[in-house]
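Got the model open in your viewer? Here is a short walk through it, one selection at a time.

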Amino acid sequence: MTAAGAEGGRGAGAHRAPDDDAGPAEPDGVRRDIPPLEVDGVTVRFGAVTALSDVSFTVAPGSLHAVIGPNGAGKSTLFNVLSGVYRAAAGEVRFGDVRLDRMRPFRIAGVGVARTFQNLALSGRQSVADNLMIGRHHLTRTGFVSAGLRLPSATREYRRHAARVAEIAEFLDLGDQLHRPVEGLSYGDRKRVETARALCTEPKILLLDEPVAGMNADETRRMAQTIGDIRAALGISIVLVEHDMGMVMSLADRVTVLDFGRRIADGTPAEVQSDPDVIKAYLGAGT
Ligand SMILES: Nc1ncnc2c1ncn2[C@@H]1O[C@H](COP(=O)(O)OP(=O)(O)OP(=O)(O)O)[C@@H](O)[C@H]1O
């Protein structure tokens, strides 16, 4: 159980929050239009292997909910079910009244769910701005091809999206990298571009798949700070799937712990940290 530690994870954003289009938030900062994410009895099998067994938990609107567990616990499988990549053999995933478990991955952005990938999935030769613009695609009316043809309405729309991209890049501390090819950026910054691209879809819920995997201590601290800032500034829900229990403890409101495909604990960070089953699972895994 390492403790990477997030400095002041919540609320103390170094940057102005990007104005989102979602209208006013509740006094607690949570956006009004964010439904709960309900994972209900989800089972996933790969042949004889049961990767997830009857897993249930709820991500409250506007909360930062971590899913942790030792190697092979089923975290990636769960993440892939939430983002429509894997089909569950049983159970449901509901986001408000939308069934995510029946939805194809490319449709999921349209209902306000954005994900990042454990391994970077960016176009290296393209600029940061171009990569971020990909996140806006489903929000365009005219399409960027029409913008390429310089139709006035499309050009106006393109400019509006470009301004929003610049704003989100600034928020993620990437403002001065906007026109650089992604392949020239540090690993930590490339991971930040991926998070920025997910935010460019204007999500109601952000699914982060091991956002600090492969980062050094400094990059990990910055990313932890950023994740807290995103939640505080935008009032959206965040699901953080992480290998490292210490990394999530200062950030998460609630933690679900998986082991061998089963939910072994669900509670506040303090509750799960002192749970004997969780301690046993982590010690057994030598983490
Ligand atoms: N595509 C697959 N085919 C067969 N078995 C799989 C597949 N994906 C995962 N598994 C198995 O399902 C179980 C859960 O794996 P999963 O990758 O979801 O765990 P994890 O918690 O993400 O592990 P890690 O922390 O090592 O990434 C493991 O036993 C794994 O071997």
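Start with the whole chain: the structure holds 13 salt bridges, a salt bridge being a side-chain nitrogen of Lys or Arg within 4 Å of a carboxyl oxygen of Asp or Glu. Side chains of opposite charge can pair when their charged atoms come close.

Before you click on, some housekeeping. This is a predicted model, where local features need pLDDT of at least 70 and side-chain atom pairs count only at pLDDT 80 or more, while totals for chains, interfaces and linings use all residues. Residues are numbered from 1 along each chain as its sequence is written, and side-chain values use heavy atoms, with hydrogens and water left out.

**Stop one: around R94**

Select E38 and R94. Their side chains form a salt bridge, 3.6 Å from N to O. This pair links distant parts of the chain: E38 sits in strand β1 (residues 37–46) and R94 in strand β4 (residues 90–95), 56 residues apart. Helices (H or I, at least four residues) and strands (E, at least two) are DSSP runs, numbered from the N terminus.

Keep R94 and add D40. Here the closest N and O atoms of the salt bridge are 3.2 Å apart. D40 is in strand β1 and R94 in strand β4, so this pair ties together parts 54 residues apart in sequence.

Now add E92, which meets R94 in a salt bridge at 2.5 Å, N to O. Which residues end up in one network? Salt bridges with shared partners join E38, D40, E92, R94, R99 and D101.

Buried or exposed? Switch on a surface and look at R94: it is partly exposed, with a relative accessible area of 22%. The cut-offs are under 20% relative accessible area for buried, over 50% for exposed, and partly exposed in between (1.4 Å probe, protein chains only). E38 is partly exposed at 26%, E92 is partly exposed at 26%, and D40 is partly exposed at 34%.

**Stop two: helix α1**

Select residues 75–82, which make up helix α1. Seven of its eight residues are buried, so the helix is largely enclosed by the rest of the structure. Want to color them? The buried ones are K75, T77, L78, F79, N80, V81 and L82. After α1 comes G84, with a positive phi near 80 degrees.

**Stop three: where the domains meet**

Color the chain by domain: domain 1 covers 32–112 + 205–286, and domain 2 covers 127–202. These bounds come from an automatic or database domain assignment. How many residues does each domain put into the contact? Domain 1 gives 18 and domain 2 gives 13, with contact meaning heavy atoms within 4.5 Å. The centres of the two domains, taken over C-alpha atoms, are 27 Å apart.

About 1200 Å² is buried between domain 1 and domain 2, and carbon and sulfur atoms give 65% of that. Buried area is the accessible area (1.4 Å probe) that two parts lose on being put together, summed over both.

The rule finds two salt bridges across this interface. Next, select D173 and R222, whose side chains meet in a salt bridge at 3.3 Å, N to O. To see what domain 1 brings, show β7 (205–209) and α7 (217–234): each supplies at least two residues of the side that touches domain 2. The largest share of that side, eight residues, comes from α7.
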